[in-house]
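Me: Could you walk me through one part of this model in some detail? I'd like to start with one helix and then work outwards.

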Amino acid sequence: MAQENIESTLHEDRQFPPSESFVQQASLHAADLDKLYQQAEQDHEGFWAEQARQLIDWQQPFTQTLDSSNAPHYRWFPDGKLNVSYNCLDRQLEKNADKTAIIFEGEKGDVEHISYRELHHKVCVFANALKAQGVNKGDRVIIYMPMITEAVVAMQACARIGAIHSVVFGGFSASSMKDRIEDTGAKVVITADGGNRGGKVVPLKDTTDQALENGCDSVETVIVFKRCDENITMQDGRDVWWHDAEQGQSEDCEPEWMDAADPLFLLYTSGSTGKPKGIQHGCGGYLLNAITTMRWVFDIQDSDVFWCTADVGWITGHTYVAYGPLATGATQVIYEGVPTVPDAGRFWDICARHGVTIFYTAPTAIRALMKVGDDIPNSYDLSSLRLLGTVGEPINPEAWMWYYNVIGSGRCPIVDTWWQTETGAHMIAPVPGVTHAKPGSCTRPLPGIDAAIVNDDGEEVTTANQGGYLVIRKPWPSMIQTIWGDDKRYKETYWPYFGGKYYLAGDSARRDEDDFFWIMGRIDDVLNVSGHRLGTMEIESALVSHPNVAEAAVVGRPHDVKGEAVFAYVVLKGTRPDGGIDEDLTQELRNWVGTEIGPIAKPDDIRYSDNLPKTRSGKIMRRLLRAIAKGEEITQDTSTLENESILLQLQGKA
């Protein structure tokens with residue numbers, strides 16, 4: 001666990017306070033925020049109990065806030081009963097029945113507006129259809145759907161009847177899906193004939209059939225939604241069309257009242273080693289932080305049109321598509337396709353036509369859209385936007401500035417959010433009506449979140465800009481409950497050090513002079529160069545701040561003298577150099593990094609490519625990059641890559 005001091009010399013001094021007009025209309029002001037922090041500091045459990053009583057409708061109120069008797073398996077509000085779907089839909093019917101809950105837009109341009117009354121109806125009918133197929137409380141249901149309204153309907157229907165859903169991203173392979181089916185012991189799979197993505201039809205039902213060919217004996221039924229009129233095979237006795245399953249079902253479905261600590265869903269995330277981990281989240285605590293962060297971080301208001309671009313196959317699409325917006329009565333946009341179909345203006349076109357006010361996306365998407373220039377977004381009326389957000393990875397300062405100036409016209413605060421599948425909701429993020437943001441920093445922990453940076457001995461690092469391990473020292477409501485079927489791995493992965501007292505996030509971080517947090521990368525993405533600890537994220541930010549660089553990824557390569565050498569993959573804003581070689585530019589970029597950070601951080605190798613290897617959710621596959629840098633043969637599965645062909649170019653073979 002040797003974690004030496006992580007050196008950090010890349011400083012960001014620019015600060016961007018919210019505009020006076022934003023402050024005036026914000027729901028949370030400085031005095032309100034200070035009061036929340038004070039309450040949480042004085043009485044951690046009492047603070048969360050008060051939030052839970054105010055923001056959740058309970059069928060049976062809780063009398064115990066936190067059960068720590070089997071730590072680190074914490075149980076929040078254990079004797080309370082509620083239903084998550086009820087809190088998202090039924091309680092909206094009194095005031096928001098006719099309010100638009102979802103504005104759906106398909107990749108081909110079909111648009112649908114669905115009110116809360118209509119969504120409630122859809123969920124109840126499909127929930128009854130699931131019950132008619134033998135789905136009961138505690139049964140697991142795999143959802144393998146395109147990014148359409150019915151994906152949310154399926155998730156809400158499971159929550160309504162107490163079934164545990166596990167959403168598999170529609171870009172995953174048959175083998176990935178099979179692993180998840182077998183690990184969950186799923187009874188039902190919900191899928192579609194296909195989905196529109198990138199101008200093509202993704203063959204979801206065919207992939208489902210492949211996953212079920214051998215094994216997966218637990219699956220009794222496959223429910224298929226007709227989205228693309230694809231010619232598919234339906235297996236007698238197993239497969240049923242969604243519309244046939246709903247035939248004759250009642251529109252009344254009494255919610256199943258759940259213990260607050262009962263599982264709500266499982267979501268699988270990759271580990272650095274071993275098979276994917278089934279992250280288990282519970283009902284009450286997860287719902288609470290979905291609501292608090294919608295209010296605190298997104299400043300959600302009745303008039304907002306909220307758009308989180310994430311797919312429901314990821315945690316962001318769970319918390320900030322399927323649950324958080326609905327639990328707060330918001331109107332949200334759901335888009336089926338990719339941001340570049342029919343052209344790179346699709347996101348901005350949707351924002352303009354639907355009057356989006358809050359836009360939340362990944363730095364990967366921002367960098368890709370930044371690469372095509374300012375003219376495209378400048379050709380759309382983005383005046384409806386009032387708040388921007390980023391999620392998934394730290395955002396490079398220069399990408400932050402482009403987002404702020406070009407998309408937000410300098411008037412929209414940016415909420416750069418740090419959190420994880422395991423945390424369930426935002427943990428460290430700006431509060432937009434209060435925080436003076438810094439490009440690239442997720443700023444400060446939210447009220448009730450005891451985040452800290454510690455050294456090898458678990459002692460808090462108090463020196464500014466000296467890095468260490470990012471940990472959470474007190475339990476929080478939306479925290480992971482366990483890894484499905486593997487309590488031992490849960491403890492070993494997330495509570496391995498410091499006497500099991502602190503949740504280990506797996507990220508290295510630092511705090512600057514203003515106590516702002518900066519995520520420096522995963523612990524295994526910290527390089528040891530000649531005894532100096534360098535965060536890969538900071539070198540990447542330095543490279544991207546060069547006017548010719550659109551994107552960069554940095555990994556380590558073994559070095560006989562230095563221990564590790566810095567190996568950089570660079571995507572230019574223009575075309576790739578002929579043969580991938582430009583010695584003058586390479587020297588210029590090395591010197592640039594040397595100036596920005598210091599000579600020790602200069603890349604030893606720079607390889608140019610047209611793109612980086614990314615999963616279909618936009619995450620860079622850094623393990624592949626590390627293998628290429630070491631000259632190793634790639635043996636791991638690459639079928640989940642969005643652009644598998646880029647590997648030859650990265651290896652210098654194309």
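Which residues of H19 are buried?

Reply: Quick background: this is a predicted model, where local features need pLDDT of at least 70, side-chain atom pairs count only at pLDDT 80 or more, and totals for chains, interfaces and linings use all residues. Residues are numbered from 1 along each chain as its sequence is written, and side-chain values use heavy atoms, with hydrogens and water left out.

In H19, Leu585, Thr586, Leu589, Val593 and Gly594 are buried (under 20% relative accessible area; exposed is over 50% and partly exposed lies in between, with a 1.4 Å probe and protein chains only). Helices (H or I, at least four residues) and strands (E, at least two) are DSSP runs numbered from the N terminus. H19 covers residues 583–596, and its end C-alpha atoms sit 20 Å apart, which agrees with the 20 Å that its 14 residues should span at 1.5 Å a residue (the expected span is 1.5 Å times one less than the number of residues). The buried residues of H19 pack against helix H18 (536–544) and strands E29 (549–559), E30 (563–572) and E31 (605–608); contact here means heavy atoms within 4.5 Å.

Those partners turn up again at H20. What covers the buried residues of H20 includes H18, E29, E30 and E31, plus helix H21 (646–650). H20 (residues 622–629) is mostly covered, with 7 of its 8 residues buried: Arg622, Leu624, Leu625, Arg626, Ala627, Ile628 and Ala629. Just after H20, Gly631 takes a positive phi of about 75°. Helix H12 (residues 315–327) makes a handy parallel: 13 of its 13 residues are buried, and just after H12 comes Gly329 with a positive phi of about 70°.

On to the nonpolar cores (buried Ala, Val, Leu, Ile, Met, Phe, Trp, Tyr and Cys residues joined through side-chain atoms within 4.5 Å). The largest has 140 residues, and Phe126 and Ile190 have the most contacts inside it. Helix H7 (residues 149–161) gives the largest share of this core, 9 residues. Leaving aside neighbours within four places in sequence, Ile190 contacts Phe126 itself, and also Leu130, Ala154 and Trp242, among others.

Now for the empty space. A cavity is a set of points on a 1 Å grid, over the protein atoms alone, where a 1.4 Å probe fits but cannot get out; lining residues have an atom within 4 Å of a point. There are 5 cavities of 30 Å³ or more, and the largest holds about 80 Å³. Of its 14 lining residues, Trp76, Gly282, Gly285, Pro477 and Gln481 are closest to the centre. Helix H11 gives the largest share of that lining, 3 residues, while strand E16 (277–282) also supplies at least two.

Between E16 and H11 is a loop that holds Cys283. Cys283 is buried, at a relative accessible area of 3%. Gly80 is 203 residues away from Cys283 along the chain, yet their C-alpha atoms are separated by 10 Å. Not counting residues up to four places away in sequence, Cys283 touches eight-odd neighbours worth a look, including Leu82, Val84, Met258 and Asp259.

How values were computed:
On a 1 Å grid over the protein atoms alone, a cavity is a set of points where a 1.4 Å probe fits but cannot get out, and a pocket is an open set with protein on both sides within 12 Å along at least five of seven lines; lining residues have an atom within 4 Å of a point. Grid points are joined across faces, edges and corners, and a volume is the space filled by probe spheres set on the points.
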